[in-house]
Amino acid sequence: MSKLSREELQKIIAEDLPGYRVANEDEGSVADAPVFNEGINANAEAETPDLSDLRVKYLREKYLGGGAANLETEDAPENDSAPEEDPTEDEIVAVTPDNPAHPWDRGGRPKATVVSAKEKKVIGQQG
Amino acid sequence: MTPLNEAADANDQTRIHLLDVGPDEYGDAILCQFGDRSVLIDGSHPGDHQPREGHPSIPQQLATLLEQQEPITVDLLIITHAHQDHIGCVPKLVADERLNATWALVIDPGLGWGRAPGEDRDSAFAEDPRVLTLAAALREEPRIKLTGEALDQFLADALTLEDRYNQMLATLDQRGTRIIRFGRQSTQALGQEFADIGLKIIGPSQEHVLNAAEIINNLSHDSLERAADIFRQDNSLDVASAYKRIVTPDFDSIDVVRPGPAVNLQSIITRFEFKGKKYLFAGDFQFSKPEVNSVPLANSVRRLRRKVSQEAPFAFYKISHHASHNAFSEEIYDELNGTPLFGTCAGQSSTHHPSRDVLNTLREHRTEIKWLRTDRNGLVTLTFGPGEPQIKKAKGRVNDFQPNDVDIPVPVPEPIPKKPAPSPAQGQTPKIVVSSARGEVVEVTAKIPHTTTRVTITVDVSPRGDQQVSGTGAATDAVRIGGGRALPELLFVTSRDALVEHIGQLETATLIDSFHAQNMTLFDSLPANATRSSETAPLVREQLEAHPNARGVVIVGGYNVVPSQILDSLPSGLRQSLPPNDDPDRFIVWSDEIYGDLDGDGLPEIPVSRIPDGRSASLVYRALQSSGPGNSRRAGVRNVARPFARQIFNELPGDGPLLVSKMAVFNQNPAIDLAADQVYLMLHGDFVDASRFWGEGTPNNLEAINLSNLPDEFKGVVFTGCCWGALTVDTPAGRVVPGRSIGLKTAESSIALGFLARGASAFIGCTGAHYSPTEEPFNYFGGPMHRAFWSAYNAGKPPAQALFDAKIDYIRGMPHGRTGVLQTAIEYKILRQYTCLGLGW
């Protein structure tokens, strides 16, 4: 599951985001409404094609016109765009202010934070 | 080494001839004979159709080696990429009927020059051929040493190369050559035809060639601007002087900002296998250092190196790019698994090629390899049969590791004199012409001297007074779509019946009458009870087929009028490998892009924008009547913890500050002023309370802005990185529960809708949670999307089109430096969730 222990995450958050802490499970995730967890994309009407397909589609259309052949299919190249497998994957964790505002204050809700397990630091934030 | 058995059957032999490519720098031309099959790879320099300075011409060499009289015929002609020193003299030889080919495998000219059909890149500079010539020369290999007539000839050849290349293809086509345009056409038939000599095209893939074409396109624009600038600074310069000022000895160090490396990276990589031996040729492919600012291309180069390595060892490996440091290295040597024989092509006056680094690498392995180079060996012939290869060379010695750049005098560039910019009074004066005043628009043309100047144009237009349209009894021009501007052909779509329920019977009728009166294309027959886009999108696609000139789709009404699509922003493979995470949307977002899908693949071909009704006819009317913004004033507010937004805001035109919250709060004095043409908001948002956006660190968590900060009238464009900023319903897509109704936001509860109700041209934002980069240089997650949108918008694209183009730009760069599973997933989400609210045109 988690690549970093809660203590490690807490340390990184305290260092990089003073005034915030990792949200407790009983505080919920960044979601406060019940999330439709059963088969998360069961509701989705469509999914997104691979990046390689996206790239070829839009550049092919621009330079070769809509009817041009997709040579990738016949050439069957490896997927250039596949994400790198990294055993030290990053994590998105919910953080919440040390001193939360009034529960009705939506601005003080927990927020997602991207922590690099490899670099042991915050590399991105929700919002 | 054992000499080749002379009795061996010539049909079992392979002969690789690295042709003498003459006195110039660079240049590639290789004739391969596999038994009785002949392959010519590249055509040296343009002038090598004739003997020069003691070097035999290319046709002379071909005729001798192939034992043919002119016209010479080869079985296969390969032009690896669109550089002058590879296309060389082939166009001339073909035009003069001195060279024919049965088959030709050539880089596609449109891709090689990065030309998108319909894009008129050059016309703005057509009046000054110096600009076009200089830009054409800048895409070639830098010719630092050239002077005088030789430089003039190089420049003239650069300018005409594209035309001569296209003419060459047309002539070959007329003569019956079977041409395969690489990147555009399948190579399968070619592979079958030359299966007997083991032709295998290792790459690059079509995706790779297209990515390179896009870079060539962008950098060619930059080259034109750069060329125009130098003549703007000094109009007395000739092209040769301008070239020498730009192309200085350290020119290679700025390779990343010129098209050359991307052109090289389109080089066709071919492997031949004959009688159990393999041979590899790769034009100018930069295997070692791609020198392009593109993660996808860099990944592709790595992949191609792996593919080449899997084929190794080779009987002969032509070191690409004239043995440049960006083509070969110790690491690549190791990947070639004991390949024993190397060679490269370069003209006699080559200076920096072969590079010292490459020569040192080869020298390190001198006991294991043999190495030939045409700059010092002239014509080289390598003969492969049952025994050891036989090496013939016109001059010099095998394994010459001496660099050419010893004691080379390099011309010192002249300093560019600074001249004061002439004022309009010194030259031409602005000329304004009213060219048309018919119909809905007044067309004004302004011709302004192309100097550093500022001209203010004010045009007062009075109504014609004859615009009332009769026929319905209602005020049919009550809603002036686009404020009366000329708009491109757009397809407006809605469900009339559903809209009636949301904004009223009379209001809907007025609206629809207005569309008809103004000859807008409207499809208002979507079913009123549709709940999923899969029910409505096919109907819109039918309309798009009937209106092929539509440049965009504008949805009129909220999600309960025209359903939005619940979209998994991730590909299935990526979702399966996604670790547990706290993304608040589970990477599921609302998207309207399905309504721009023309070909049924679920992805848009044209931009889509939406005017959500918010249960208010007034909102819909105001948004539709948007007359389009100017660009004289900017405004913005960012979260103090989002420094990346400062860089982006600074690139916006106009004056106006970027306020920072924590310091800025909604009720501050002086009040936050958002009355601007371009508004940029990088704050926290929320999917329940959309009436305010927050910064961080404010006392009592006060919001940065709320609805009270919106000006009464607003004509501008808003772009936000706020979470759920463009969510117009109360439920994020990932939280939709089947059977549970979805509530609509209104202009009184949503900043996005509030802006539209005040007349905003567009509100661009996310339907889910947004992610910001926090590490410099902030070029990942939301950062590149923000920059790409504003860049496209300020280049003159309407907001909907600018977002569409920004997404394509974003796709090209994905993943932006950070390539892990979760990071890639975040960028997919950024890509798919951004949406354009408002008219957008």
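Here are three short exercises on how chains A and B meet in this predicted model.

Residues are numbered from 1 along each chain as written, chains are lettered from A in the order written, and the model is a predicted one. Local features need pLDDT of at least 70 and side-chain atom pairs pLDDT 80 or more, while totals for chains, interfaces and linings use all residues.

**Exercise 1.** Describe the side of chain B that touches chain A.

*Solution.* Start with the counts: chain B gives 85 residues and chain A gives 65 residues to the contact (C-beta atoms, placed from the backbone, within 7 Å). Next, look for the largest share on chain B: helix 24 (residues 821-833) supplies 7 residues. Helices are DSSP runs of H or I with at least four residues, strands are E runs of at least two, and both are numbered from the N terminus. Finally, sort the chain B side by type: 37 nonpolar, 29 polar and 19 charged. Here Ala, Val, Leu, Ile, Met, Phe, Trp, Tyr, Cys and Pro are nonpolar, Asp, Glu, Lys and Arg charged, and the others, Gly among them, polar.

**Exercise 2.** Trace the sheet that contains strand 2 of chain A.

*Solution.* Strands pair when DSSP finds at least two bridges between them. Strand 2 (residues 46-47) of chain A runs parallel to strand 20 (residues 565-568) of chain B, with 2 bridges; A:Glu47 stands opposite B:Asp568. Then strand 20 joins strand 21 of chain B antiparallel through 4 bridges, and B:Asp568 faces B:Ile588 there. The result is an open, mixed sheet of 3 strands, ordered 2(A)-20(B)-21(B).

**Exercise 3.** Which strands of chain B does helix 24 of chain B touch?

*Solution.* Helix 24 of chain B packs on the sheet against strand 20 and strand 21 of chain B, its direction making about 20° with that of strand 21. Axes are lines fitted to C-alpha atoms, for helices over the stretch in contact, and angles between N-to-C directions run from 0 to 180 degrees.

How values were computed. Contact = placed C-beta atoms within 7 Å.
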